[in-house]
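Trainee: I am new to this structure and would like to know how its labels are justified. Please show it to me first.

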Amino acid sequence: MQRVNVGDAAMLKRTSFRASLILLAMPFGPALLTPALTAQSDKAPAAADKRNATSRLRIELTGGDENKPVADASIYLRFPDQKKVELDLKTNQEGIARSPEIRQGKVLIQVVAQGWKTYGEYHDVTESEQTIQIHLVKPPIKWY
């Protein structure tokens, strides 16, 4: 004869009770879960698309009264939600810099170019390919 501990017997009763509840709920399980799954599947892709949407930026940099292209300017892209991520770009001879794919959302664009006043502003990136035009001005004349 096998000896059963009192604690083991209570556990066997709970296990068999759980098993019978599961067997009773099985025919109704899919019907109960279907609305929840449908509601979740409608919202999940839209939210995931917004978070995972990417964009390529084309930054056109001009300066002065003649709107001449500013070559060899340093452009820094900083993302407020990612404190340790920064993207460094350089403009070509036409004053254009192109970014690799970045996440859509708010981005801080800072421009540093020799002989020009430093620029820095936040921009909202919302399109898959977006052009941002930036115009630099000469720094004020030193009076001292």
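Trainee: How do you know that the side chain of Thr91 has a polar contact with the backbone oxygen of Val70?
Mentor: In this predicted model, a polar atom of the Thr91 side chain lies 2.9 Å from the backbone oxygen of Val70. The cut-off for a polar contact is 3.5 Å, so the pair qualifies. The side chain of Thr91 also has a polar atom 2.9 Å from the backbone nitrogen of Ala73.

Trainee: Why is Thr91 called buried?
Mentor: Its relative accessible area is 3%, and buried means under 20%. Therefore Thr91 counts as buried.

Trainee: Where does Thr91 lie, and which residues is Thr91 in contact with, leaving aside its neighbours within four places in sequence?
Mentor: Thr91 lies in the loop between β4 (82–90) and β5 (96–98). Leaving aside neighbours within four places in sequence, its contacts include Leu61, Val70, Ala73, Ile75 and Ile96. Asp72 is also among them.

Trainee: Is Asp72 buried or exposed?
Mentor: Asp72 is exposed: its relative accessible area is 52%, and the label requires over 50%. Asp72 sits in the loop between β2 and β3.

Trainee: What is there to say about phi of Asp72?
Mentor: Phi of Asp72 is near 55 degrees, a positive value in a residue other than glycine. Phi of Asn67 is near 55 degrees as well, again positive in a residue other than glycine. Asn67 is found in the loop between β1 (54–63) and β2 (68–69).

Trainee: Why is Asn67 called partly exposed?
Mentor: Its relative accessible area is 46%. Buried would need under 20% and exposed over 50%, so Asn67 falls in between and is partly exposed.

Trainee: What makes β3 and β4 a pair of strands?
Mentor: Two strands pair if there are at least two bridges between them. Six bridges join β3 (residues 74–79) to β4, so the condition is met. The two strands run antiparallel and form a hairpin with two residues between them. Within this pairing, Leu77 stands opposite Leu87 in β4.

Trainee: How do you know that Glu86 and Arg78 form a salt bridge?
Mentor: Their side chains meet at 2.6 Å, N to O. The cut-off is 4 Å, so the pair counts as a salt bridge. Glu86 is partly exposed at 38% relative accessible area, and Arg78 is partly exposed at 29%.

Trainee: How many salt bridges are there?
Mentor: The count comes to four. One of them joins the side chains of Glu60 and Arg58, at 2.8 Å from N to O. Arg58 counts as partly exposed, with 26% relative accessibility.

Trainee: What is the N to O distance between the side chains of Arg103 and Asp81, which meet in a salt bridge?
Mentor: The distance is 2.2 Å. Arg103 lies in strand β6 (residues 102–103) and Asp81 in the loop between β3 and β4, so this salt bridge ties together parts that are 22 residues apart in sequence.

Trainee: Which labels of exposure do Arg103 and Asp81 receive?
Mentor: Arg103 has a relative accessible area of 37% and is partly exposed. Asp81 has 54% relative accessibility, and the limit for exposed is over 50%, so Asp81 counts as exposed.

Note on methods: Residues are numbered from 1 along each chain as its sequence is written. This is a predicted model: local features need pLDDT of at least 70, side-chain atom pairs count only at pLDDT 80 or more; totals for chains, interfaces and linings use all residues. Side-chain values use heavy atoms; hydrogens and water are left out. Helices (H or I, at least four residues) and strands (E, at least two) are DSSP runs, numbered from the N terminus. Buried means under 20% relative accessible area, exposed over 50%, partly exposed in between (1.4 Å probe, protein chains only). A polar contact is a pair of N or O atoms within 3.5 Å; within protein, one must be able to donate a hydrogen and the other to accept it, and residues adjacent in sequence count only if both atoms are side-chain atoms. Contact means heavy atoms within 4.5 Å.
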